[in-house]
Amino acid sequence: MLNEMTTIPRKNKRRKGFAAFAAFGITMTLLAGCSQTGTSEMGAQPNPDSAAIAPANQTEETNAASEKDNPFAAAGITDPKAFIKMFEAVKTAVAAGDKEAVADLVLLPLRVNGKTSMEITSKAEFIEKYDAIMTEPVKDALAAQKVDDLFVRDLGVMVGDGELWFGASAEEPQAYGIIAVNLEVGSTEAPPVK
């Protein structure tokens, strides 16, 4: 019984000691943070470390603003205006049946998913197989798609129920274009990860 009584106060002492230590650490952290912000306003010498802190905060704000201004950022697209221009050009070319103009807006190799999947490796091959690739369901999905309703994820930008996928090239400056076509109606198969 005596041993049980003596161990209880020791546990409480350890808990109190840890709580005091944690409180001390939090207080020191807060004091250090307070001394870095606002000292230049009070006429004191600026903390040399504060210059390293400020750009990181500005970068976070810039990233948040750029994601807000760039709805395609998740897909790795860095210029949303250029992407929208390309998207509208694809819609126009497909509606006009201009196979060569559409072929110019394809990022090769193009993945075509269907009953038998294929990979298109040249502009000439795309033009040759255009009617088998750009089927009526694919054209209809593209015609009905509004820019504001595009689905964006890390693998690309999806049209309709996955009939078309758009993406960006890896090189700078980026090129944007069609990266995959799904011939199965309602297929949401994303382009393969490269």
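## Sheet, helices and core of a predicted model

Six strands make up an open sheet of mixed pairing in this predicted model, ordered β2-β1-β6-β5-β4-β3.

Trainee: Which strands stand at the edges of the sheet?

Mentor: An edge strand has a single partner strand, so one side of it is left without a neighbour in the sheet. In the order β2-β1-β6-β5-β4-β3, the names to look for are those at the two ends. The strands at the edges are β2 and β3 (151-153).

Trainee: What is the average twist from one strand to the next?

Mentor: The twist is taken along the six strands of the open sheet. From one strand to the next, it averages 20 degrees.

Trainee: In which sense does β1 pair with β6, and in which with β2?

Mentor: Strands of a sheet pair through backbone hydrogen bonds, in a parallel or an antiparallel sense. Strand β1 (residues 106-113) and strand β6 (residues 176-182) share four bridges; Val 106 has Ile 178 as its bridge partner in β6, and Val 112 has Val 181. With strand β2 (residues 118-120), β1 forms a hairpin with four residues between the two, and Arg 111 has Glu 119 as its bridge partner there. The sense is parallel for β1 with β6, and for β1 with β2, over three bridges, it is antiparallel.

Trainee: Which strands of the sheet does α3 touch, and which does α7 touch?

Mentor: Both helices pack on the sheet. The direction of α3 makes about 50 degrees with that of β6, and the direction of helix α7 (residues 136-144) makes about 60 degrees with that of β5. For α3 the strands touched are β4 (156-159), β5 (164-168) and β6; for α7 they are β4, β5 and β6.

Trainee: How far apart are the end C-alpha atoms of α3?

Mentor: Helix α3 (residues 80-96) has 17 residues, and at 1.5 Å a residue they should span 24 Å. The model agrees with this: the end C-alpha atoms are apart by 24 Å.

Trainee: Within what arc do the buried residues of α3 fall?

Mentor: The buried residues of α3 are Pro 80, Phe 83, Met 86, Phe 87, Val 90, Ala 93 and Val 94. They line one face of the helix, because seen down its axis they fall within a limited arc. On the other side, Lys 81, Lys 85, Thr 92, Ala 95 and Ala 96 are exposed. The arc is 150 degrees.

Trainee: Which element gives the largest share of the largest nonpolar core?

Mentor: This core has 32 residues, and those touching the most other members are Phe 83, Phe 87, Leu 110, Phe 126, Phe 166 and Ile 178. Phe 87, a buried residue of α3, is in contact with residues that include Leu 142, Val 159 and Phe 166. Six residues of the core, its largest share, come from α3.

Trainee: Is Lys 99 buried, partly exposed or exposed?

Mentor: Lys 99 lies in helix α4 (residues 99-104). Beyond its neighbours within four places in sequence, Lys 99 is in contact with Phe 126, Ile 127, Tyr 130 and Asp 131. Its relative accessible area is 30%, which means that Lys 99 is partly exposed.

Technical notes. Residues numbered from 1 in each chain as written. Predicted model: local features only at pLDDT ≥ 70, side-chain atom pairs only at ≥ 80, totals over all residues. Heavy atoms only, no water. Pairing = 2+ DSSP bridges. Buried < 20%, exposed > 50% of the residue type's maximum accessible area, 1.4 Å probe, protein only. Contact = heavy atoms within 4.5 Å. Expected span 1.5 Å × (residues − 1). Arc of directions from axis to C-beta. Axes fitted to C-alpha atoms, helices over the stretch in contact; angles between N-to-C directions. Core = buried A, V, L, I, M, F, W, Y, C linked by side-chain atoms within 4.5 Å.
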